[in-house]
Amino acid sequence: MVEVIVALDLPTATDALRLADRLPGLRWAKLGPMLFLEGGPGLVRQLKARGIRIFLDFKWHDIPSTVAGAVGAASRLGIDLATVHVLGGEEMRQAAVAAKDGMRLAGVSVLTSHTPESYGKAVGAAKQDLAAEVGRLTRLGVQAGLDAIVTSPLEVARVRAIAGPDRWIVVPGIRVGGSAPGDQQRTADPGQAVAGGATHLVVGRPILQAAEPAAVYQGICEAVA
């Protein structure tokens, strides 16, 4: 079953809890750095008390010992899914996997904000074939034992072919009803992502900016059921 993760990219814990309470049947919430720094572990516990699973999206990319410590702390807090950058290197990936305990760990491939040109500049190369790069990073994540891969909707099918049938594929950059892409360059609608093999869709702005967030959330859930 494909699950919808609502990105609670809101300024305060009060705002986040208010929205969570307006979304009947909410199973997953994503917390990024902004909201976590405001709400802290207490917000995690309040959401967990509501039966909501937590996706902590910090995209760790640091020395192995630092990442391992952060992963271990997240697992002890009760986080269900967290992210590391696959580009962090083999030792970092191995340290993260060793520290995750019962938590699932997802490897971020190429950010949805990148174009072939911007990614090429970031890695000091020419314009990049992003599908090929996502495939390369997926193989590294699979070899490390990561539980999931994060990719844009445009590369889901390639990731599924490499990751196999059971590994989670977490897909941000979901847009519905012609909603604006914002700073995410590689986007698609829920149906395209699901058709490629996505297991979890991360949806933020189309829900957060809607006049009726519950209706949009319910519509997405029904569309991927």
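1. Phe55 and its partner in β4. In this predicted model, Phe55 has Leu81 of β4 as its bridge partner. The two strands, β3 and β4, pair in the parallel sense, and three bridges hold that pairing. β4 itself is mostly covered, with five of its five residues buried. Leu81, Thr83 and His85 point one way from the strand, while Ala82 and Val84 point the other way. Both sets are buried, so a residue here counts as covered whichever way it points, being under 20% relative accessible area.

2. The barrel. If you step back from that pair, you will find eight strands closing into a barrel, in the order β1-β2-β3-β4-β5-β6-β7-β8, with parallel pairing. From one strand to the next, the twist averages 25°. Further round, β7 (residues 168–171) and β8 (residues 200–203) run parallel and are joined by two bridges. There, Val171 stands opposite Leu201 of β8.

3. The nonpolar cores. Which residues have the most contacts inside the largest nonpolar core? They are Leu8, Leu31, Leu47, Val84 and Leu201, in a core of 55 residues. Two of these names have come up already: Val84 belongs to β4, and Leu201 is the residue opposite Val171. Leaving aside neighbours within four places in sequence, Leu8 touches Ala16, Leu19, Ala29, Lys30, Leu31, Leu35 and Leu47. Another core, of twelve residues, lies apart from the largest one and includes Ile5, Ala7, Phe55 and Ala148. Phe55 is thus a member of this other core as well as the bridge partner of Leu81. As general background, nonpolar side chains in soluble globular proteins tend to be buried together.

4. Two helices over β3, β4 and β5. Both α3 and α4 deserve a look here. α3 lies across β3, β4 and β5, and runs at about 170° to β3. α4 also lies across β3, β4 and β5, and runs at about 165° to β4.

5. The two sides of α4. Within this helix (residues 90–99), the buried residues are Met92, Arg93, Ala95 and Ala96. Seen down the axis of α4, they fall within an arc of 165°, so they line one face of the helix. Their packing partners are β3 (53–60), α3 (64–77), β4 (81–85), β5 (104–108) and α6 (130–144). On the other side, Glu90, Glu91 and Ala98 are exposed.

6. Two backbone angles to look at. Most residues other than glycine have a negative phi. Asp101, not a glycine, has a positive phi of about 55°. You will find Asp101 in the loop between α4 and β5. Is Asp101 buried or exposed? At 68% relative accessibility, Asp101 counts as exposed, the cut-off being over 50%. Lys59 is the other case I would open in the viewer: its phi is positive at about 50°, although Lys59 is not a glycine. Lys59 is found in strand β3 and is partly exposed, with a relative accessible area of 27%.

7. Helix α7. Here (residues 156–163), Val156, Val159, Arg160 and Ala163 are buried. They cover an arc of only 100° around the axis, which puts them on the same side of α7. These buried residues pack against α6, β6 (148–150), β7 and α8. Just after the helix, Gly164 takes a positive phi of about 90°.

8. Helix α10. How does the span of this helix (residues 213–224) compare with what its twelve residues should give? At 1.5 Å a residue they should span 16 Å, and the end C-alpha atoms are 17 Å apart, which agrees. Pro213, Tyr217, Ile220 and Val224 are buried in α10. Seen down the axis, these buried residues fall within an arc of 65°, so they line one face of the helix. Their cover includes β1 (3–7), α1 (13–22), α8 (190–196), β8 and α9 (205–208). The face turned away carries the exposed residues Ala215, Glu222 and Ala223.

9. Ala214. This residue is found in α10 and is partly exposed, with a relative accessible area of 25%. Beyond its neighbours within four places in sequence, Ala214 is in contact with Arg22, Leu23 and Pro24. If you would like a distance to check, the C-alpha atoms of Ala214 and Val2 are separated by 18 Å, with their positions 212 residues apart along the chain.

Key
Residues numbered from 1 in each chain as written. Predicted model: local features only at pLDDT ≥ 70, side-chain atom pairs only at ≥ 80, totals over all residues. Heavy atoms only, no water. Buried < 20%, exposed > 50% of the residue type's maximum accessible area, 1.4 Å probe, protein only. Helix = DSSP H or I, 4+ residues; strand = E, 2+ residues; numbered from the N terminus. Arc of directions from axis to C-beta. Contact = heavy atoms within 4.5 Å. Core = buried A, V, L, I, M, F, W, Y, C linked by side-chain atoms within 4.5 Å. Pairing = 2+ DSSP bridges. Axes fitted to C-alpha atoms, helices over the stretch in contact; angles between N-to-C directions. Expected span 1.5 Å × (residues − 1).
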